[in-house]
Amino acid sequence: QVQLQESGPGLVKPSQTLSLTCTVSGGSITTNYYVWNWIRQPPGKDLEWMGGIAYSGTTYYGPSLKSRTSISRDTSKNQFTLQLTSVTPEDTAVYYCARSYTIGTQYDYRGQGTQVTVSS
């Protein structure tokens with residue numbers, strides 16, 4: 001069974017960079033044809049797909065956050081990471097990592113989520 005676990009700081013100051021890591025167990029992030037995604041849910045709002053990194057290393061980004069988002073991976077650690085620059089309080093959300101079979105398909109495994117608050 002594939003498991004995903006998010007980790008990172010729970011509090012980030014405005015204008016700083018939010019960095020989260022997703023550690024995957026029970027499956028390799030290089031296995032065809034999976035995509036490893038970052039999604040978030042601000043309070044009172046719907047889930048928002050931020051972007052993902054495919055088994056090949058190709059990255060994809062959602063249009064609204066593309067200019068501030070970077071996703072990378074460390075295959076030796078079976079981890080992938082999210083960086084969101086210039087955060088504001090509007091970036092406060094529960095952040096999830098999740099797996100999908102190709103881009104845009106349903107998630108079959110998702111982490112439990114981690115709360116990130118942007119506040120001074």
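Biologist: Which residues do ring pairs link into a cluster?

Modeller: This is a predicted model, so keep that in mind as we go. A search of the whole structure turns up five aromatic pairs. Ring pairs join up a cluster, and its members are Tyr-33, Tyr-34, Tyr-55 and Tyr-101.

Biologist: How many residues apart in sequence are the parts that the pair of Tyr-33 and Tyr-101 ties together?

Modeller: Tyr-33 and Tyr-101 make an edge-to-face pair, 6.3 Å centre to centre with 85 degrees between the planes. Tyr-33 is in the loop between S3 and S4 while Tyr-101 is in strand S9, so the pair ties together parts whose separation in sequence is 68 residues.

Biologist: And what is the centre to centre distance for Tyr-34 and Tyr-101?

Modeller: Those two form an aromatic pair as well, edge-to-face with 75 degrees between the planes. Tyr-34 belongs to strand S4 and Tyr-101 to strand S9, so this pair bridges parts 67 residues apart in sequence. Centre to centre, Tyr-34 and Tyr-101 are at 5.3 Å.

Biologist: Is Tyr-34 buried or exposed?

Modeller: Start with its partner: Tyr-101 has 41% relative accessibility and counts as partly exposed. Tyr-33, at 43%, is partly exposed too. For Tyr-34 the relative accessibility is 17%, and buried means under 20%. That makes Tyr-34 buried.

Biologist: Which residue lies over the face of Tyr-34?

Modeller: There are charges over rings in this model, including Arg-110, whose charged end sits over the ring of Tyr-96 at 4.3 Å from its centre. Over the face of Tyr-34, 3.6 Å from the ring centre, you'll find Arg-99.

Biologist: Which strand gives the largest share of the largest nonpolar core?

Modeller: That core has 24 residues, and those with the most contacts inside it are Leu-18, Trp-36, Trp-38, Phe-80 and Tyr-95. Strands S3, S4, S5, S8, S9 and S11 each supply at least two residues of the core. The largest share is four residues, and they come from S3.

Biologist: Leaving aside neighbours within four places in sequence, which residues is Trp-36 in contact with?

Modeller: Trp-36 is among the core residues with the most contacts inside the core. With those sequence neighbours left out, Trp-36 is in contact with Val-2, Leu-4, Val-24, Ser-28, Ile-29, Gly-51, Gly-52, Ile-53, Phe-80, Ala-98 and Arg-99.

Biologist: Which are the edge strands of the open sheet of four strands?

Modeller: The order in this sheet is S1-S3-S8-S7, with antiparallel pairing. On average, neighbouring strands are turned by 20 degrees against each other, direction ignored. An edge strand pairs on one side only, and here that goes for S1 (3-7) and S7 (69-74).

Biologist: Which residue in S3 stands opposite Glu-6?

Modeller: S1 and S3 run antiparallel to each other and pair over five bridges. Opposite Glu-6, in S3, stands Cys-22.

Biologist: Where is the peptide bond that is cis, with omega near -10 degrees?

Modeller: Most peptide bonds are trans. This cis bond leads into Tyr-33, a residue placed in the loop between S3 and S4. The bond runs from Asn-32 to Tyr-33.

Biologist: What is the phi of Asn-78?

Modeller: Most residues other than glycine have a negative phi. Asn-78 sits in the loop between S7 and S8 and is buried, at 15% relative accessible area. Asn-78 isn't a glycine, yet its phi is positive, at about 55 degrees.

Biologist: In which loop is Ser-86 found?

Modeller: Ser-86 also has a positive phi, near 50 degrees. With 44% relative accessibility, Ser-86 counts as partly exposed. Its place is the loop between S8 and S9.

Note on methods. Residues numbered from 1 in each chain as written. Predicted model: local features only at pLDDT ≥ 70, side-chain atom pairs only at ≥ 80, totals over all residues. Heavy atoms only, no water. Core = buried A, V, L, I, M, F, W, Y, C linked by side-chain atoms within 4.5 Å. Buried < 20%, exposed > 50% of the residue type's maximum accessible area, 1.4 Å probe, protein only. Contact = heavy atoms within 4.5 Å. Phe/Tyr/Trp six-rings, centres within 6.5 Å; stacked < 30°, edge-to-face > 60°. Lys NZ or Arg CZ within 6 Å of the ring centre and 35° of its normal. Pairing = 2+ DSSP bridges. Axes fitted to C-alpha atoms, helices over the stretch in contact; angles between N-to-C directions.
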